[in-house]
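I opened this entry to keep track of what I looked up in the coordinates. The notes follow the sequence and structure shown here.

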Amino acid sequence: MAINKEGTGFTFGFAIIMVVVVGALLSLAAMGLKPFQKENLKQEQMKNILGSVGIEVEMSEASANFDKFIVKRIMLDSDGNVLNEKSGQIATLANDGQDAFDADPFNVDIKKEYRGLASSERRYPLFICEKDGQTLYIVPMVGKGLWGPIWGFISLKDDLNTVYGANFDHKTETPGLGAEINTSLFTDQFKDDRIFDEKGEFTSIAVKKSATGDNPHAVDGITGGTITSVGVSEMVERTLKVYVPYFKNLKAA
Amino acid sequence: MSEATAELQEKEVKKSEPLFSKKNKKLITDPLNDDNPITVQVLGICSALAITVQVKQAFVMSISVLFVLVAGNVIISLLRNTIPSRIRIIVQLVIVASLVILVDQVLKAFVYDVSKQLSVFVGLIITNCIIMGRLEAFALGNKPGPALLDGIGNSLGYGWILIAVAVVREFFGSGKFWGFQLLGDSSVGSGLYSIGYMNNNLMVLPPMALIVVGVIIWIQRSKNTKLIEAH
């Protein structure tokens with residue numbers, strides 16, 4: 001072979017071929033695996049929505065249970081006006097096209113809108129669930145933890161005041177500390193807390209130090225996870241506030 | 001063990017199948033003890049500190065490292081006569097990085113739960129010194145067969161320390177093994193917790209991993225005479 005393996009030409013050639021081959025292989029793998037990953041994300045979201053009202057299901061059964069329990073999906077703007085109402089099958093990009101996909105409240109990517117849009121431009125989904133004869137209102141939310149995004153759901157009973165349940169999750173909070181927000185030890189404290197005070201004014205549920213069970217507007221924070229706790233507190237207040245006008249209208253009606 | 005017996009045993013193995021010769025077997029067994037990447041070479045400590053809070057995480061991490069190291073070793077070994085030496089580190093990085101991205105994508109598609117727990121640490125396999133170390137020190141100068149065994153040996157050596165540390169930390173830190181409660185439920189105070197036992201929260205924090213690794217090194221050196229340095 002006449003090729004000089006230490007020559008500049010060979011080095012460049014090798015690098016170029018390697019990058020093209022590796023790039024092609026990786027993009028093939030990414031494209032091939034994308035449908036599985038998207039499906040996982042969708043089912044995880046359904047599982048989380050159901051989990052917030054105490055319906056614990058396996059990932060594989062999330063879809064069937066979602067159709068059974070969630071009767072209505074609503075999309076609000078930042079002033080609490082209804083933009084869209086949907087029920088039944090979730091619109092998919094493949095079956096229903098872009099417009100129908102965008103209009104379905106389930107497909108609102110609140111994480112993306114939280115990152116990229118001003119709060120007045122964001123859309124706010126609300127899920128209405130029928131469970132054991134009760135109507136429950138599930139509010140999804142997203143905020144900032146210590147290391148990355150946190151998100152979760154709070155569900156309200158049909159008095160639109162008392163919390164039925166809550167669940168939270170995170171991307172990269174510290175294991176054993178901030179990451180504890182996704183344990184029942186933390187989320188169970190939200191149960192039966194209230195979002196309106198005696199006068200009917202909106203009062204959020206704060207996450208703070210040594211809050212006791214008696215206080216309906218506070219839960220105990222996580223030791224060693226202060227910044228994550230503050231993040232949860234901010235997220236709950238900011239998000240629930242948007243829904244207040246809608247809840248008030250609903251109560252008046 | 002004299003050299004004569006070693007040669008004799010080597011002759012017993014078929015010439016066409018040198019993969020399991022005595023020398024090659026040592027490639028697997030050495031990293032488990034005498035030449036352990038973590039306790040003797042003190043490589044890959046960073047990830048040993050980060051993901052040993054729970055056994056399940058440590059296990060999946062070990063499997064991921066096994067795949068990346070074995071595949072990386074074999075690929076580099078196959079290409080070893082072609083790679084221009086001036087850019088060999090870059091070539092190794094590109095190959096390791098692609099393997100890691102592949103692992104991450106596969107975990108996300110098929111074991112979504114675990115991939116969520118490991119989060120950023122799968123990506124950080126790229127920075128694991130063991131991997132670049134083995135590629136540079138072994139795969140570049142050896143045939144694919146031995147490189148494969150070297151990869152298996154080193155990742156097992158890494159994996160067993162990782163899992164050992166995780167067992168200790170999960171047990172003392174949260175009273176669990178693989179997520180199962182062994183000592184009762186700490187949140188409601190049942191089992192051992194009802195008589196006042198408490199989890200050691202220090203075990204959950206990274207510094208404790210360093211101390212546990214240190215204790216393992218201490219025990220290993222006291223047992224293994226080969227590792228005692230002459231002064």
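**Entry 1. Two residues with positive phi**

Is A:Leu160 buried, partly exposed or exposed? I was working on a predicted model, as I note here once for all entries. I counted 17 other C-beta atoms within 10 Å of A:Leu160. A residue is buried at 20 or more such atoms and exposed at 12 or fewer, so A:Leu160 comes out as partly exposed. I placed A:Leu160 in the loop between S5 and S6 of chain A. The reason I stopped at A:Leu160 was its backbone: phi is positive, about 55°, although the residue is not a glycine. Most residues other than glycine have a negative phi.

I then turned to A:Asp132, which is not a glycine either and has a positive phi of about 50°. I found A:Asp132 in the loop between S3 and S4 of chain A. Here the count is 7 other C-beta atoms within 10 Å, so A:Asp132 is exposed.

**Entry 2. The sheet of chain A**

I traced the strand order next. Chain A has an open sheet of six strands, ordered S2-S1-S3-S4-S5-S6, with antiparallel pairing. Which strands stand at the edges? They are S2 (82-86) and S6 (163-170) of chain A; each has a single partner strand, so one side of each has no neighbour in the sheet. I noted an average twist of 20° from one strand to the next.

I went through three of the pairings one by one.

- S3(A) and S4(A) are antiparallel and share five bridges. A:Ile128 sits opposite A:Tyr137 of S4(A). The two strands form a hairpin with two residues between them, and A:Asp132, from my previous entry, is in the turn.
- S4(A) and S5(A) run antiparallel and are joined by eight bridges. I looked up A:Lys144 and found that its bridge partner in S5(A) is A:Pro149. This pair also makes a hairpin, with four residues between the strands.
- S5 (residues 149-156) of chain A pairs with S6(A) in the antiparallel sense over seven bridges. The bridge partner of A:Phe153 is A:Asn167 in S6(A).

**Entry 3. Helices on the sheet**

I asked which strands helix H1 of chain A lies across. H1 covers residues 8-51 and lies across S1 (70-76), S3 (124-131), S4 (134-144), S5 and S6 of chain A. I recorded an angle of about 145° between H1(A) and S6(A). Helix H6 (residues 226-252) of chain A also packs on the sheet, where it touches S1, S3, S4, S5 and S6 of chain A. The direction of H6(A) makes about 130° with that of S4(A).

**Entry 4. Chain A as a whole**

I listed the secondary structure of chain A: six helices and eight strands. Along the sequence I read the pattern α-α-β-β-α-α-β-β-β-β-α-β-β-α. Why do I call chain A more spread out than a compact globule? Its radius of gyration is 23 Å, well over the 18 Å that the globule rule gives for 253 residues, so the description follows. I also noted the box filled by the C-alpha atoms of chain A, roughly 90 × 45 × 35 Å along the principal axes.

Of the 253 residues of chain A, 31% count as buried. I then took the contacts in chain A with a separation of 6 or more; residues 24 or more positions apart account for 50% of them.

**Entry 5. Where chain A meets chain B**

I listed the residues in contact between the chains: chain A gives 22 residues and chain B gives 20 residues. Which element supplies the largest share of the side of chain A that touches chain B? H1(A) does, with 15 residues. By class, I sorted that side of chain A into 13 nonpolar, five polar and four charged residues.

**Entry 6. A helix pair in chain B**

My last look-up was in chain B. The axes of H2 (residues 22-29) and H9 (residues 144-174) of chain B come within 6 Å and cross at roughly 30°. Angles under 35 degrees count as roughly parallel, so I put down H2(B) as roughly parallel to H9(B). On the H2(B) side the contact is made by B:Asn24, B:Leu27, B:Ile28 and B:Thr29. H9(B) brings B:Pro146, B:Leu149, B:Asp150, B:Ile152 and B:Gly153. I classed the residues of this contact as five nonpolar, three polar and one charged.

Key. Residues numbered from 1 in each chain as written. Chains lettered and ligands numbered in written order. Predicted model: local features only at pLDDT ≥ 70, side-chain atom pairs only at ≥ 80, totals over all residues. Pairing = 2+ DSSP bridges. Axes fitted to C-alpha atoms, helices over the stretch in contact; angles between N-to-C directions. Contact = placed C-beta atoms within 7 Å. Nonpolar A, V, L, I, M, F, W, Y, C, P; charged D, E, K, R; others polar. Parallel < 35°, antiparallel > 145°, perpendicular 65-115°, else oblique. Rg over C-alpha atoms; globule rule 2.2 N^0.38 Å.
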